[in-house]
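Visitor: I should like to learn how to read the features of a protein model, step by step. Please show it to me first.

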Amino acid sequence: MPRPDRAPRLPTSPGFWRSPLRGPWLTSVLGLVLLAGITVLFVTGLVSYAAYNPDLSPVNDKTPGKGLLGFYLFAWPTGPHWLYRLTQGVHVTLGLTLIPVLLAKLWSVVPKLFALPPARSVSHALERISLLLLVGGVLFEFTTGVLNIQLDYLFPGSFYALHFYGAWVFFAAFAVHVALRLPAALRNVRQLRSGREREAAELVSPRPAPPTVSRRGALGLVGGASLLLFATSVGQSLGGVWRRTALLAPHGGADPGSGPNGFQINKTAAYAGIRPAETGEDAWRLVVTGRTGTVRLARADLLRLPQHSAALPIACVEGWSTPDQWWRGVRLRDLAALVGYDTDPPDVLVESLQRHGPFRRAALRANQVADPRSLLALSVNGEILTADHGHPARIIVPAAPGVLNTKWVARLTFGDL
């Protein structure tokens with residue numbers, strides 16, 4: 001046994017962890033906040049994945065081999081038109097807001113990761129295993145999510161597959177851990193004596209250091225940090241003047257310019273390899289294929305077709321979105337009618353002039369094609385699209401993720417996919 005005047009050197013010793021803040025009450029409060037927040041994150045994450053219609057066509061499925069994990073997938077609706085803007089904005093903003101809570105929770109339970117013996121019973125062994133998977137899973141999910149938001153694609157594979165499978169592994173461990181610990185957490189928050197003893201042995205230091213802040217003060221610090229992250233990130237989802245407050249978001253403070261085309265984008269024409277020679281009036285043709293054959297339309301031909309307008313936002317997986325912009329162009333269902341689908345237009349495969357990248361091709365469901373607000377847009381806010389916004393033509397569909405609103409459209413193939 002170590003002498004009383006010497007601090008234990010190994011983290012497996014309870015006396016190594018000396019903070020007087022650690023205890024069942026603080027851990028339980030943080031855990032209940034995460035229980036609610038992470039549940040919302042998981043649900044909105046699944047919803048975000050469903051929005052891509054991954055079971056419609058292989059080009060939309062970025063997580064092949066998902067098997068039973070795709071049991072819940074459904075045909076993504078087109079209304080309300082701000083649906084994806086809301087669900088993904090909540091997912092990303094809430095994820096960032098919970099980071100201080102998550103770090104505080106991990107700090108509060110770190111002694112349990114080193115406690116010996118590794119297992120005292122079957123239930124305790126399950127709890128320890130779920131805790132290890134929980135910690136590893138949550139760090140993986142939050143790290144990959146933050147990197148994606150910051151457009152730092154430092155992944156050994158597709159972000160979509162890694163984040164999707166990681167979420168299921170994490171949430172399975174999360175569900176087991178909640179089932180094992182929720183009753184005790186509720187008792188601890190109510191400050192009842194029952195159920196305290198075992199956690200006290202693992203979390204409460206036998207030789208605590210002098211306190212420098214109360215537990216409620218620590219919660220206030222964590223809450224203040226979360227509010228700060230919320231205030232400096234939510235603006236990218238609100239758009240407009242609020243975007244300037246999103247100091248921590250790549251699509252926050254950056255100035256997209258002014259005028260009708262002055263709103264955010266992810267990829268410029270130069271980044272996508274779009275050459276001006278390909279998009280000129282003499283060179284560019286839209287190829288539309290369907291039941292009755294193929295038609296080729298110049299931009300002037302498209303302008304002679306009935307023109308329609310729709311006020312729709314663009315919302316992306318990184319959590320940023322624009323306010324509604326006024327788009328004008330040809331309805332997708334009218335283009336389907338040109339190739340033999342006068343009623344009940346089918347699915348469509350959209351192909352871009354962009355030659356590389358995971359979303360140079362995208363599939364849209366029949367309900368998206370049939371919606372009167374779904375356009376092959378030729379202009380926005382009363383002005384011709386700029387090259388960065390997809391000139392000579394781009395897709396705009398209500399409630400769809402931004403990557404499905406394909407820019408620099410070259411070909412539309414209608415039919416069951």
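**Burial, salt bridges and internal space**

Guide: Lys 66 has a relative accessible area of 13% and is therefore buried, the limit for that class being under 20%. Please bear in mind throughout that this is a predicted model.

Visitor: With which residue does the side chain of Lys 66 meet in a salt bridge?

Guide: As a general idea, side chains of opposite charge can pair when their charged atoms come close. In this case the partner is Asp 61, with an N to O distance of 3.0 Å. Asp 61 is also classed as buried, because its relative accessibility is 18%.

Visitor: How many salt bridges does a search of the whole structure find?

Guide: There are 6 in the whole structure. One of them joins Asp 55 to Arg 365, with 2.8 Å between the closest N and O atoms. This pair connects distant parts of the chain, as its members are separated by 310 residues. Asp 55 belongs to the loop between helix 1 and helix 2, and Arg 365 to the loop between strand 6 (361–364) and helix 12 (366–370).

Visitor: Are Asp 55 and Arg 365 buried, partly exposed or exposed?

Guide: The two fall into separate classes. Asp 55 has a relative accessible area of 43%, so it counts as partly exposed. Arg 365 counts as buried because its relative accessibility is 16%.

Visitor: Where do Arg 304 and Asp 301 lie?

Guide: Both are in helix 10 (residues 299–304), with a spacing of 3 residues, about one turn of the helix. Their side chains form a salt bridge with an N to O distance of 2.5 Å. Arg 304 is exposed, because its relative accessibility is 62%, whereas Asp 301, at 26%, is partly exposed. Elsewhere, Arg 275, Glu 278 and Arg 355 are joined into one network by salt bridges that share partners.

Visitor: I would now turn to the overall frame. How many helices and strands does the chain have?

Guide: The chain contains 12 helices and 10 strands. Along the principal axes, its C-alpha atoms occupy a box of roughly 90 × 45 × 35 Å. Of the 417 residues, 50% are buried.

Visitor: How many cavities of 30 Å³ or more does the structure hold?

Guide: The general idea is that rolling a probe the size of a water molecule over the atoms shows where empty space is left. Here the structure has 3 cavities of 30 Å³ or more. The largest has a volume of about 570 Å³. Its lining comprises 28 residues, and those nearest its centre are Leu 41, Gly 45, His 91, Glu 141 and His 163.

Visitor: Which helices each supply at least two residues of that lining?

Guide: They are helix 1 (24–50), helix 2 (83–97), helix 4 (122–149) and helix 5 (159–189). By class, this lining of the largest cavity consists of 19 nonpolar, 8 polar and 1 charged residues.

Visitor: What is the volume of the second largest cavity?

Guide: The second largest cavity encloses about 410 Å³. It is lined by 25 residues, with Gly 31, Lys 105, Leu 134, Phe 174 and His 177 nearest the centre. Two or more of the lining residues come from each of helix 1, helix 3 (99–114), helix 4, helix 5 and helix 6 (196–203). The classes in this second lining are 17 nonpolar, 4 polar and 4 charged.

Visitor: And the largest pocket: how much space lies in it?

Guide: The largest pocket holds about 890 Å³ of space. It has 36 lining residues, and Tyr 153, Asn 266, Lys 267, Phe 359 and Val 403 are the closest to its centre. Its lining divides into 18 nonpolar, 13 polar and 5 charged residues.

Visitor: Which residues form a nonpolar patch on the surface?

Guide: The patch is made of Val 40, Trp 82, Leu 86 and Val 90, which together have about 320 Å² of accessible area. Val 40 sits in helix 1. Its relative accessibility is 35%, so Val 40 is partly exposed.

Visitor: As a last example, is Phe 171 buried or exposed?

Guide: Phe 171 is buried, because its relative accessible area is 18%. Phe 171 lies in helix 5. From Val 138 it is separated by 33 residues in sequence and by 8.8 Å in space, C-alpha to C-alpha.

Conventions. Residues are numbered from 1 along each chain as its sequence is written. This is a predicted model: local features need pLDDT of at least 70, side-chain atom pairs count only at pLDDT 80 or more; totals for chains, interfaces and linings use all residues. Side-chain values use heavy atoms; hydrogens and water are left out. On a 1 Å grid over the protein atoms alone, a cavity is a set of points where a 1.4 Å probe fits but cannot get out, and a pocket is an open set with protein on both sides within 12 Å along at least five of seven lines; lining residues have an atom within 4 Å of a point. Grid points are joined across faces, edges and corners, and a volume is the space filled by probe spheres set on the points. Helices (H or I, at least four residues) and strands (E, at least two) are DSSP runs, numbered from the N terminus. Ala, Val, Leu, Ile, Met, Phe, Trp, Tyr, Cys and Pro count as nonpolar, Asp, Glu, Lys and Arg as charged, and the others, Gly among them, as polar. Patches are made of residues with over 30% relative accessible area and no salt bridge: like charges are joined within 9 Å, nonpolar side chains (Val, Leu, Ile, Met, Phe, Trp, Tyr) within 5 Å. Accessible areas come from the Shrake-Rupley method with a 1.4 Å probe; for residues, only the protein chains shown count as cover. A salt bridge is a side-chain nitrogen of Lys or Arg within 4 Å of a carboxyl oxygen of Asp or Glu. Buried means under 20% relative accessible area, exposed over 50%, partly exposed in between (1.4 Å probe, protein chains only).
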